[in-house]
Amino acid sequence: MLPFPILRVQAIDLRSQILDRSAQRDGRFVSVPFFLENGGIIRRQCTREAKIDPVRKEIRRLLGLRPGQHATNFRVEQWIGISTDEMIRMKLARDPWIINRWPLIERRMSRNDCLIWLKRHGYPEPPKSACIGCPYRSNQNWRDMKEHDPKSFEDAVQVDHALRLHGGARNMRKAEFMHRACRPLGSVNFDRSDTSDQLSFLDECDGVCGT
Ligand code: SF4
């Protein structure tokens, strides 16, 4: 029993947006950093739209703020659960009235320290918190998912396929792919050297995305 309530927020469903977009060709553009066949990468806005903004909106609701009202009289402490392995993702909050803290880093706890703590206290090992189809996954990540969570992997394969249905996204002339190899996800050999330069969260992903 925790001494505080747990609130879950969700603003957009990236998976549904991709599938709707491929079905209708007129959906809103989903700004996930997918790879383009010309070697480019789409600008990432999903972290902000799917994670940071919904949390901020809920904080404002809890404070009783009206839309557009300044939070000048408030100070909010926001705890973010990243470990010392992910220190590169520490960033100040966009709003000056939100003070970010990283309690695991303050306690010098690595991911392995967290797993040991969870085991000692009888909790199961938690899965990583990234979206199933996050393009920042490493080959090791994809391989693990394929072997240990084939249902999620098959889902990712289907959504990756949907990215290129009907010629792809509106206004997007180059085909998009979930994997850096720019091949359908189901056909990627995650052991091959030509696919081993997949980005990891250390390259780009920050904020609250845990790949
Ligand atoms: S985990 Fe990946 S796909 Fe999901 S919001 Fe973060 S960067 Fe985007």
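A pocket is an open set of grid points where a 1.4 Å probe fits, with protein on both sides within 12 Å along at least five of seven lines. Keep that in mind for this tour of a predicted model.

**Stop 1: the pocket.** Go to the second largest pocket, with a volume of about 380 Å³. Select Pro-127, Lys-128, Arg-137, Met-145 and Asp-149. Of the 14 lining residues, these are the closest to the pocket's centre. Now colour the lining by class: five residues are nonpolar, three are polar and six are charged. Which helix gives the most to this lining? Helix 5, residues 139-148, does, with four residues.

**Stop 2: helix 5 against helix 6.** Keep helix 5 selected and add helix 6, residues 150-162. Their axes come within 5 Å and cross at roughly 120°. Helix 5 is therefore oblique to helix 6, because angles of 65 to 115 degrees count as roughly perpendicular and only those over 145 as roughly antiparallel. Next, show the side chains. From helix 5, pick Trp-142, Met-145, Lys-146, Glu-147 and His-148. They meet Pro-150, Ser-152, Phe-153 and Ala-156 in helix 6. By class, this contact has five nonpolar, two polar and two charged residues.

**Stop 3: an aromatic pair.** Stay on Trp-142 in helix 5 and add Phe-190. These two form one of the four aromatic pairs in the structure. How far apart are the ring centres, and what is the angle between the planes? The centres are 6.4 Å apart, with 15° between the planes. The pair counts as stacked, because its planes are under 30 degrees apart. Finally, trace the chain from Trp-142 to Phe-190, in the segment after strand 4 (176-177). The pair links distant parts of the chain, 48 residues apart.

Methods
Residues numbered from 1 in each chain as written. Predicted model: local features only at pLDDT ≥ 70, side-chain atom pairs only at ≥ 80, totals over all residues. Heavy atoms only, no water. 1 Å grid on protein atoms, 1.4 Å probe; cavity = no way out; pocket = protein on both sides within 12 Å on 5 of 7 lines; lining within 4 Å. Points joined across faces, edges and corners; volume = space filled by probe spheres on them. Helix = DSSP H or I, 4+ residues; strand = E, 2+ residues; numbered from the N terminus. Nonpolar A, V, L, I, M, F, W, Y, C, P; charged D, E, K, R; others polar. Axes fitted to C-alpha atoms, helices over the stretch in contact; angles between N-to-C directions. Parallel < 35°, antiparallel > 145°, perpendicular 65-115°, else oblique. Contact = heavy atoms within 4.5 Å. Phe/Tyr/Trp six-rings, centres within 6.5 Å; stacked < 30°, edge-to-face > 60°.
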